[in-house]
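Visitor: Please show me the model, and then let us talk through its aromatic rings with some care.

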Amino acid sequence: MEQKKGLRWNSRTSNIVLGWCLVAPLLLWLLLTVIYPLCYTFWLSMQNQELLGAKSEFVWLETYKVVLSDKEFWNALKNSLIWTVGNSILQGIGGLTVGLLLNQRFKGCRFMRVWIILPWIIPTVVMAIMWKWMLSSTFGVLGWLLVKSGLCTTAPNFLGDPFNAMPTLILINSWRWIPFMAVVILAALQTIPDDLYEAAAVDGAGPVKKFLTITLPGVAGTTTTMFLIGTLFSFNMFDVVWLMTEGGPLNYTTTLPVLIYKSAFKTFRVSQAAAISVVVFVILACFVALASRMSALKDLEGDDRG
């Protein structure tokens, strides 16, 4: 009997050791790429570091006081919220609309389902250069078309006007991400059984009722997940804004990621850049926690009704 217990114990120990050996590379990767940079950023935010490698002093939370009292930070936070909300709304509505259209059967639908993803796979640098040329107020094709059609007397300054820059960036970024959202939502639409629509038609349900009672609940989980991921990506996005406007004109498109870059590599305020990064991390962590909590409560309500 004691020998059998020893065998079981050895077998269990071997499984535990094997499990840790399999997980160890991933844990090491997370330690080097996520945990260590996060801890180093938090430590750096409590210094008065100006240049990496230079001498610094430990100042505790003084850097956070400087950041939170800076008007430039609050302006960047406002721009980040406008940027994130605008992208989330446009990408959500646009992705659902295009997904519904692609779910219909029409001539060329297979071709459209394949090539609709083209804007998303274009490299960011190529996309930014292409749109900057098209939107140029001097030789851009869009301005020329507006003037020739009589809609404008002069070509609009899409990226140089403070009131046009942010909406233009939101439209460009949504143009790039709507196809990806549409393909994901299309995959969710394909999983809804046709029998549900046939049964609803027998009961006399119209297109609107079918959409509200069958289609929308069928893609609700996918849409919620994509909304969460899209919000996180939009809030952290740096490349599109920097390549198109570099935060201008007059800081009207300076979001928090752009402000972090400027603080660290333009004005050499490394500790302030680290402090802003920590604030961004806290904001996104709170958003994820709130979204997860709301999702859990919704699942509990669904289980109670069931």
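**Aromatic pairs and their surroundings**

Guide: F180 counts as partly exposed, at 23% relative accessibility, where buried means under 20% relative accessible area, exposed over 50% and partly exposed in between, with a 1.4 Å probe and protein chains only. This is a predicted model, in which local features need pLDDT of at least 70, side-chain atom pairs count only at pLDDT 80 or more, and totals for chains, interfaces and linings use all residues. Residues are numbered from 1 along each chain as its sequence is written, and side-chain values use heavy atoms, with hydrogens and water left out.

Visitor: Is W177 buried or exposed?

Guide: The cut-off for buried is under 20% relative accessible area. W177 has a relative accessible area of 16%, and therefore W177 is buried.

Visitor: How are the planes of W177 and F180 arranged as a pair?

Guide: Rings of Phe, Tyr and Trp (its six-membered ring) pair if their centres lie within 6.5 Å, and planes under 30 degrees apart count as stacked, over 60 as edge-to-face and the rest as tilted. The ring centres of W177 and F180 are 5.9 Å apart and their planes stand at 90°, so the pair is edge-to-face.

Visitor: Which residues do ring pairs link into a cluster with W177 and F180?

Guide: W177 and F180 form an edge-to-face pair. Ring pairs link these two into a cluster with W120 and F233.

Visitor: How many aromatic pairs are there by this rule?

Guide: Y36 and Y40 form one that is stacked, at 6.1 Å centre to centre and 20° between the planes. By this rule the count comes to 15 aromatic pairs.
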